[in-house]
Amino acid sequence: MNPHQRARIVGGSADHVRVLHGSASMINYLDALNAWQLVADARRATGRAAAASFKHVSPAGAALDGPLDETMCETWGLGTARPGSLAAAYIRARDGDPRSSYGDMIAVSEPVDDELADLLGSVVSDGIIAPGYAPGTVARLGRKKRGRYVVFEIDPTYRPPDTETRAVFGVAIEQDHDRLPITAALLRPVDGPALTSASTTDALLGMITARYTQSNTVVLVRDGMTIGVGAGQQSRVDCTQLAGSKARTWWLRRHRSIRDLALPTDLPRQQRLNWQIALAAGTLTANQYDELTELLTRPENSHADRERATWARQLAGLTLVSDGYLPFRDNIDIAAEHGVGVVVEPSGALHGDTIADACRELRITLVRTEIRLFHH
């Protein structure tokens, strides 16, 4: 994981995963193998091409093939062209949190085609895992990062052993591999309208994303893509707040005042994104605000803050998935403020009735499952 450590594969069989280019680190392997499981599960559950953008063993974003909005087309320089299903899935995964996706490990559920390889030539990424590659795409991808880009190929038919083992500080721990299929049969509405086909798909994608995200985890999904992942927090309400703030930032990036921010035309895309995200998230320091003001080629509209606040309140149609039960009502109140209409959580909370009452009061459909999805 660090330059002062050495690493090697010492057990199991690695025949199902091959490094076609580059030299993979331990983190590369952990990201790639977790990300592959996510997209493979998503493909099986929904029948749609899936992509994930991983950073430090959690997804910055995950998505299914679907439509691209104007902001995505502008951000990724697509013009009016409609990309194929695999490129669309990755654009949607990366657009969920493009600041976090910088330098990601990519996973896609289908073999990499020429279109996706061309797209990846313009993004900063560390590597990719896929079940195959069109002729010539490995060589093109291998030129990224001055020839250090890591290209993994995975056997999509591989199924892991029944048990998995982890050794930590001289202690080896074995547990059953988590094989439970994620299907719509797990979703049991407690109160509220029945789930639509779209909200069922969002719930499945949210559960699968949570399954491969460092716990505690809350995932917000909209239209087949994650737009807020709150990962690895000790308090679940912090997960909900973090996921909600990321979702609101994603939504505010769609406001015209953010999209048309008068940044220099020669500013690299990632720097442009970073300024847009910082402004949308409201995280600019005083020095950064002064720097941005000097950078703009024309001043912002004096009413922009008020207009953005109005726009933020219009965010709706989100599905919240929690990898563990929601312990207190504060999670539901925060979810409602961020446009959540469906909450999916495991049953078993001591204050479960309070959660159900809050959802009923705020007109949120509550869905409970019988499974916990912790991942470490």
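In this predicted model, helix H1 passes helix H7 in a right-handed crossing. The axes of H1 (residues 26-46) and H7 (residues 197-211) come within 9 Å and cross at roughly 155°. Because that angle is over 145°, H1 counts as roughly antiparallel to H7. On the H1 side, the contact is made by Leu38, Asp41, Ala42, Ala45 and Thr46, which meet Thr201, Leu204, Leu205, Ile208, Thr209 and Arg211 of H7. Sorted by class, the contact of H1 with H7 has six nonpolar, three polar and two charged residues.

H1 itself repays a closer look. Its 21 residues reach 30 Å from the first C-alpha to the last, close to the 30 Å expected at 1.5 Å a residue. Buried positions in H1 are Asn28, Asp31, Ala32, Asn34, Ala35, Trp36, Leu38, Val39, Ala40, Asp41 and Ala42. Among these buried residues, Leu38, Asp41 and Ala42 also take part in the contact with H7. An α-helix has 3.6 residues a turn, so residues three or four places apart point the same way. The cover over the buried residues of H1 includes H7 together with strands E2 (50-55), E3 (58-64), E4 (104-108), E5 (125-130) and E6 (150-154).

A second helix pair joins H8 (residues 236-252) and H12, whose axes come within 10 Å and cross at roughly 120°. H8 and H12 are therefore oblique to each other, and H8 passes H12 in a right-handed crossing. Here Arg248, Trp251 and Leu252 of H8 meet Arg308, Trp311 and Ala312 of H12. This contact of H8 with H12 divides into four nonpolar, no polar and two charged residues.

Beyond H12 (304-312), the chain enters the loop that leads to strand E12 (318-322), and Ala316 has its place there. Ala316 is partly exposed, with a relative accessible area of 40%. Leaving aside residues up to four places away in sequence, Ala316 touches Arg222 and Gly339. Val17 lies 299 residues from Ala316 along the chain, and the two C-alpha atoms are separated by 40 Å.

Gln270 offers a helical example, with its place in H10 (residues 269-281). Its relative accessibility is 15%, so Gln270 counts as buried. Its contacts, again without residues up to four places away in sequence, are with Arg94, Pro98, Arg99 and Tyr102.

The backbone also holds a few points worth pausing over. Most residues other than glycine have a negative phi, and most peptide bonds are trans. Against that background, a cis peptide bond joins Ser215 and Asn216, with omega at about -5°. Asn216 lies in the loop between H7 and strand E10 (217-222).

Positive phi values appear at Phe169, at about 50°, and at Arg363, at about 60°, although neither Phe169 nor Arg363 is a glycine. Phe169 sits in the loop between strands E7 (163-168) and E8 (171-176), where it is exposed, with a relative accessible area of 84%. Arg363 has its place in the loop between helix H14 (352-361) and strand E14 (365-369). Like Phe169, Arg363 is exposed, and its relative accessible area is 78%.

Notes: Residues are numbered from 1 along each chain as its sequence is written. This is a predicted model: local features need pLDDT of at least 70, side-chain atom pairs count only at pLDDT 80 or more; totals for chains, interfaces and linings use all residues. Side-chain values use heavy atoms; hydrogens and water are left out. Axes are lines fitted to C-alpha atoms, for helices over the stretch in contact, and angles run from 0 to 180 degrees between N-to-C directions. Helices (H or I, at least four residues) and strands (E, at least two) are DSSP runs, numbered from the N terminus. Angles under 35 degrees count as roughly parallel, over 145 as roughly antiparallel, 65 to 115 as roughly perpendicular and the rest as oblique. A crossing is left-handed if the near helix is turned anticlockwise from the far one by less than a right angle, and right-handed if clockwise. Contact means heavy atoms within 4.5 Å. Ala, Val, Leu, Ile, Met, Phe, Trp, Tyr, Cys and Pro count as nonpolar, Asp, Glu, Lys and Arg as charged, and the others, Gly among them, as polar. The expected span of a helix is 1.5 Å times one less than its number of residues. Buried means under 20% relative accessible area, exposed over 50%, partly exposed in between (1.4 Å probe, protein chains only).
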